[in-house]
Amino acid sequence: MAEPILDVREVSVGYGKTQVLWDISLTVPEDQRIGLFGPNGHGKTTLLRTISGLLRPWSGEVHLRGERIDKALPRAIVDRGIVQVPQGNVLFPELTVAENLRLGAYCRRARPRLADNLARVYDLFPRLKERRRQQAKTLSGGERQMLAIGAGLMGEPTMLMLDEPTLGLAPKLKDELLEAIGDIAGSGVPLMLVEQDLEFLLALTDRLYMINHGVVALDLDASESFDHDQIIQMYFGKE
Amino acid sequence: MDIGTAQSVLLSGIVLGSLYALMATGLSLIWTTLGIFNFAHGVFMTIGAFIAWQIGADLGWGMGPAAGIAVAMAALIGLGCLSEFILVRPFLRRPDVVLVAVITTLSAAIFLENSALLVWGGRYKQLPPLIEGKVGMLSTAISTHEVLIIAVAPLTLFALWAFLKFARTGSAIRAVAQNRESALLMGMNVPVLYSLAFGLSAALAGFAGILLGSIRFITPGLGNEPLVKALIVAIFGGLGSLGGTIGAAYVIGLMEAISMFFIGLYWTPAVLFGVMISVLLVRPTGLFGKR
Amino acid sequence: MDPILVVDRVSKSFGSLRAVDDVSLSVEEGEIFGIAGPNGSGKSTLFNIITSIPFPADSGRVVFEGREIQRMRPNRVCRFGLARTFQKETSFDTLSTLDNVILGSTYGRGTDDSAESRKQAGETLEFVGIGTDQFERPAAELSVFDKKRLMIASAIVTEPRVLLLDEPASGLTKPEIDETIDLIRRLNQSGVTLLVIEHVLPLLLTVSARLLVLNHGSELVTGTPDDVIRDPHVVEAYLGSRARHD
Amino acid sequence: MRDLLTGPNLARLICLLILILLPLVVPSPYIRHLLIITFIYAMVASNWDLSLGYAGVFNFGHIAFFAAGCYGSAILSKTIGITPWLTIPLAGIIGVIAALIVCLPVLRLKGIYVVLVTFAFSQLCFQLVLSQEEITGGSMGMPLLPPLKIGDYNFARDGKFGYYYVGLFLLVLSTIYLHRLVRSRFGTSIVALRDNEDYAISRGISLARQRMLTLGLSAFFTGVAGGFYSTYVRVASPEIFGFGFLSLALSMLLLGGLNSIYGPILGAFVITLLSEAMVDLGPMRFLIISALIILMLLFYPGGLNNALQQAYKWSSRSGAAARLFRTNARN
């Protein structure tokens with residue numbers, strides 16, 4: 001079997017004295033798209049931040065195509081192609097849309113094809129092209145999200161990690177975004193997607209992990225039918 | 001007040017404003033990128049003037065003003081980067097970095113001022129004006145050097161703006177200021193960008209020092225009073241907006257010139273402080289500042 | 001009887017974002033009222049503008065026991081009988097656990113006598129379940145759970161008639177959440193009206209009589225736990241439309 | 001009451017006894033002079049810590065309160081002719097007035113803006129002193145101020161014996177004052193505001209009121225120290241506004257450690273003696289002191305106070321003198 005793209009091995013991490021993740025392990029195989037979901041404050045974002053090097057694991061290892069990266073600097077990790085699109089969706093609010101996108105290609109690997117990629121992003125999100133001279137802070141929520149994803153694509157990811165791209169979006173925008181991310185995934189970019197919206201996740205990913213209280217609580221195959229009630233119970237069940 | 005006096009007050013206000021703009025822009029640049037305030041900024045100005053004097057002036061090594069300016073600029077960029085490395089970087093992750101940086105940069109100011117005293121002594125030195133002579137302007141005459149200041153300051157600031165706006169590194173500096181984490185995720189080398197911002201800011205201060213060094217005598221304390229003025233400008237304009245800072249610099253320069261004419265040298269600081277307090281009472285983040 | 005707390009069409013914007021958009025609610029005396037909603041739906045901002053800490057609402061009224069308080073100085077709100085906790089486990093880190101609570105007693109309740117406020121603080125700490133062995137430790141050294149309970153203690157020592165709890169259960173383990181539920185119930189039985197924010201629904205559904213679900217800064221639905229859980233919009237807001245019972 | 005004689009209190013009493021007896025044992029007037037200067041610095045540094053350390057208000061105008069006391073007392077005693085016995089306490093009130101003036105813009109400000117305004121305020125005072133030559137003597141200062149006297153006895157006689165005890169008395173007074181202040185509920189409330197402003201406000205503490213009190217209360221003994229200083233050296237000179245004086249006070253504070261009363265006092269002793277030992281070095285002295293500040297921050301941010309705490313802990317852990325050195329967490 002082919003080596004997985006990403007291999008997270010028993011990672012524990014936290015902030016200050018508060019531990020957030022407890023010995024988490026998961027892998028991203030070559031041809032699979034991974035979804036993470038679960039209640040807030042239970043470690044999904046923390047996991048992404050650990051993979052992209054913003055946080056040092058307390059213990060455990062992270063491997064990218066067999067190479068250990070958990071001690072590397074964020075920019076070294078970006079240079080290897082892991083691009084995280086952070087939650088909260090405003091990149092550089094005072095910069096224009098075009099400037100934000102150009103900075104997305106800041107890492108050395110992505111610089112040569114900047115113009116091509118820019119055209120590709122404008123193709124994918126025509127709205128960004130219309131607004132390329134506007135400051136990012138003047139964009140609507142959906143456009144900001146597109147900008148964040150677009151900037152991520154400018155970095156030529158060999159794996160793209162999206163953190164709650166639908167946060168705060170109206171259903172119609174979600175559909176648009178779904179299509180765009182589908183296109184990206186279809187073009188062969190491996191994906192790790194953090195989402196609250198299960199429908200969104202199911203449509204885009206092959207494998208789902210539910211992270212609850214800092215551990216992997218459920219591991220589901222998106223193509224198989226599974227017990228919705230179990231999930232709803234975890235979200236809505238009475239104590 | 002006749003037309004001639006009015007014009008000379010106006011011109012001296014613009015000269016002051018130009019110098020303050022150079023100074024305060026540097027302060028503001030560091031504030032926006034690193035979120036700290038550099039009290040060594042005034043002494044950077046002093047050092048710039050001294051180095052230019054040492055290299056360029058006839059009483060120094062006499063290599064001419066161009067060499068003096070070039071070496072001074074290079075030295076100041078280096079000094080700025082070094083300062084960032086020693087005074088700021090070790091403390092950036094601490095929650096009280098703002099306070100610590102005030103203390104470290106203040107200490108550095110004392111350190112450098114006394115170093116200047118050791119190296120160059122307390123005797124007054126002066127740079128020759130970059131261009132000799134006087135120019136008749138409107139109905140008064142001012143020195144060509146002052147005309148040069150009025151012209152060069154906006155040009156320099158324009159160059160800075162163009163760099164920040166169009167160069168890859170320039171927009172990265174602005175980006176880091178707005179969102180450090182996203183900058184990291186895009187692969188920017190944040191520490192290097194911080195150093196660079198500091199170096200640029202120091203070079204701006206040094207350049208202001210060179211321009212000032214032929215109007216006033218160069219002493220180890222040369223930069224102290226301009227630092228306080230730049231400080232007032234920064235508060236007045238609201239830290240963090242370059243445009244606001246530059247605008248405020250000219251406003252304060254003019255205000256100072258007018259107040260010197262009408263109220264005299266003695267009470268001018270009080271007037272400026274009074275204006276600053278009134279602005280802060282109405283808008284706690286400065287006149288052009290953002291929340 | 002008039003409701004003890006009425007929030008009347010309050011709004012708060014940050015730039016172009018309307019964090020809280022025309023939200024109203026009214027809480028009866030003695031009730032436990034829940035506020036739920038996905039992340040970023042404006043729950044904490046709502047607490048902020050009710051208490052004016054750190055900022056008041058842009059528009060709208062907050063009426064507490066018949067008096068408008070939306071323009072009151074923020075430090076007076078507490079003396080008035082309305083206390084709150086914060087989302088993250090907040091404490092006066094360098095002060096001792098006991099001093100954390102004593103402050104609430106002296107400044108929030110106005111107890112002048114220092115022996116008396118010590119006594120009140122000690123009793124309150126015991127009420128929330130923090131043992132005397134923790135009293136002299138700097139608050140920074142406490143566990144997450146103890147910090148959360150300490151924050152509640154420093155609020156209830158001010159004798160509030162309405163207490164606003166912001167995510168009391170986030171970051172806690174299952175047994176700790178159970179203890180928190182017990183604490184909330186005991187508080188309520190002692191006559192305190194509570195407003196509780198939670199992102200995670202189970203706790204809210206368990207304790208509250210009624211709850212308001214926010215989405216995108218505005219009201220999605222208000223009702224009893226059973227109403228809310230059956231409301232398809234709520235499930236959709238949390239999990240997306242496909243997760244609806246269909 | 002038994003508490004008074006245990007732990008750190010005992011150590012403090014012993015130090016005080018030594019200071020009281022010292023002039024009787026050591027005849028050198030020069031040592032006495034150094035200690036008098038130390039007492040003054042100790043007052044300035046420990047009171048500064050009330051605003052900078054305990055309250056976390058980034059006040060860099062503290063030297064201006066000292067200078068206000070200096071010049072206030074000088075003007076009252078020389079120009080108006082009031083006895084220095086009265087102008088020294090009045091200097092405290094003048095210091096408080098200066099603090100309240102700077103409060104006006106500072107109340108609503110946060111973080112760096114507080115630094116900028118307070119620093120600008122102190123520079124403004126400097127410029128005013130320079131420019132109001134008729135009143136302050138401008139850059140020459142005000143020389144030949146009236147000394148402290150009882151009857152015909154000048155306190156500068158007998159190797160400054162009198163000044164020594166007045167200085168020590170003021171320092172003890174100021175220390176007791178600070179000690180009680182930080183242990184009071186006011187002291188707790190300003191620490192609370194520093195630790196978490198919003199949380200503190202939500203528990204009924206008024207930010208504006210406590211901030212005004214903090215600056216005002218920290219200025220009183222600072223002003224007194226200023227009055228005593230100008231009376232003792234018999235000159236009020238604008239030098240005190242310089243970076244040199246500021247850096248000395250700051251280094252005492254940092255060497256001593258923020259958030260303590262006795263740390264900065266100890267820092268004052270160490271730095272004054274150190275600085276005196278280096279007096280022949282000229283500008284080199286300030287070079288070394290400023291480098292010391294940065295090195296302290298880099299490698300030992302806790303300061304001497306921290307070292308003392310560790311020593312207490314170590315000694316109590318090792319069982320020796322466990323009761324003698326019982327330490328107090330808040331101090």
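A residue is called buried here when its relative accessible area is under 20%, and exposed when that area is over 50%, with partly exposed in between. By that cut-off B:G244 is buried, because its relative accessible area is 9%. Please keep in mind that this is a predicted model.

**Chain B: a buried glycine and a nonpolar patch**

Let's stay with this glycine for a moment. B:G244 sits in helix α10 of chain B, which covers residues 242–262. Which residue is 219 positions away from B:G244 along the chain, with a C-alpha separation of 9.5 Å? The partner is B:T25, and the two C-alpha atoms are 9.5 Å apart although 219 residues separate the pair along the chain.

Helix α10 of chain B also holds B:M260. Is B:M260 buried or partly exposed? With a relative accessibility of 33%, B:M260 counts as partly exposed. This methionine belongs to a nonpolar patch on the surface, together with B:I258, B:F261, B:F262, B:I263, B:L265, B:Y266 and B:W267. Taken together, the patch residues have about 800 Å² of accessible area.

**Chain C: a positive patch**

On chain C you will find a surface patch of another kind: C:R67, C:R73, C:R76 and C:R79 form a positive one. Where does C:R73 lie? Its place is the loop that runs between β5 (67–68) and α2 (74–79) of chain C. C:R73 counts as exposed because its relative accessible area, 55%, is over the 50% cut-off.

**Salt bridges**

How many salt bridges does the structure hold over all chains? The count is 41. Three of them are set out here, each with the distance between the closest N and O atoms.

| Acidic residue | Basic residue | Closest N and O atoms |
|---|---|---|
| A:D7 | A:R9 | 2.9 Å |
| C:E31 | C:R210 | 2.6 Å |
| C:E179 | C:R149 | 3.2 Å |

Take the pair C:E31 and C:R210, joined by a salt bridge. It links distant parts of the chain, 179 residues apart: C:E31 is in the loop between β2 (17–27) and β3 (32–36) of chain C, while C:R210 is in strand β9 (residues 210–215) of chain C. C:E31 is buried, at a relative accessible area of 9%, whereas C:R210 is partly exposed at 25%.

The salt bridge between C:E179 and C:R149 connects two helices. C:E179 lies in helix α6 (residues 174–189) of chain C and C:R149 in helix α5 (residues 144–156) of chain C, so the pair ties together parts 30 residues apart in sequence. Here the acidic partner, C:E179, is partly exposed at 43% relative accessibility, and C:R149 is buried, with a relative accessible area of 9%.

In chain A, salt bridges that share partners join A:D7, A:R9, A:E61, A:R68, A:D70 and A:K71 into one network. Within it, A:D7 is buried at 14% relative accessible area, while A:R9 is partly exposed at 38%.

**Confidence in chain A**

How sure is the predictor about this chain? Chain A has a mean pLDDT of 85, and 91% of its residues reach 70 or more. Where in chain A is confidence lowest, and where is it highest? The lowest value falls in helix α9 (residues 228–236) of chain A, at a mean of 66. The highest belongs to helix α3 (residues 97–104) of chain A, at 94.

Terms used: Residues are numbered from 1 along each chain as its sequence is written. Chains are lettered from A and ligands numbered from 1 in the order in which they are written. This is a predicted model: local features need pLDDT of at least 70, side-chain atom pairs count only at pLDDT 80 or more; totals for chains, interfaces and linings use all residues. Side-chain values use heavy atoms; hydrogens and water are left out. Patches are made of residues with over 30% relative accessible area and no salt bridge: like charges are joined within 9 Å, nonpolar side chains (Val, Leu, Ile, Met, Phe, Trp, Tyr) within 5 Å. Accessible areas come from the Shrake-Rupley method with a 1.4 Å probe; for residues, only the protein chains shown count as cover. A salt bridge is a side-chain nitrogen of Lys or Arg within 4 Å of a carboxyl oxygen of Asp or Glu. Lys and Arg count as positive and Asp and Glu as negative; His and the chain ends are not counted. The place of a charge is taken as NZ of Lys, CZ of Arg, CG of Asp or CD of Glu. Helices (H or I, at least four residues) and strands (E, at least two) are DSSP runs, numbered from the N terminus. Buried means under 20% relative accessible area, exposed over 50%, partly exposed in between (1.4 Å probe, protein chains only). pLDDT is the predictor's confidence in each residue, from 0 to 100.
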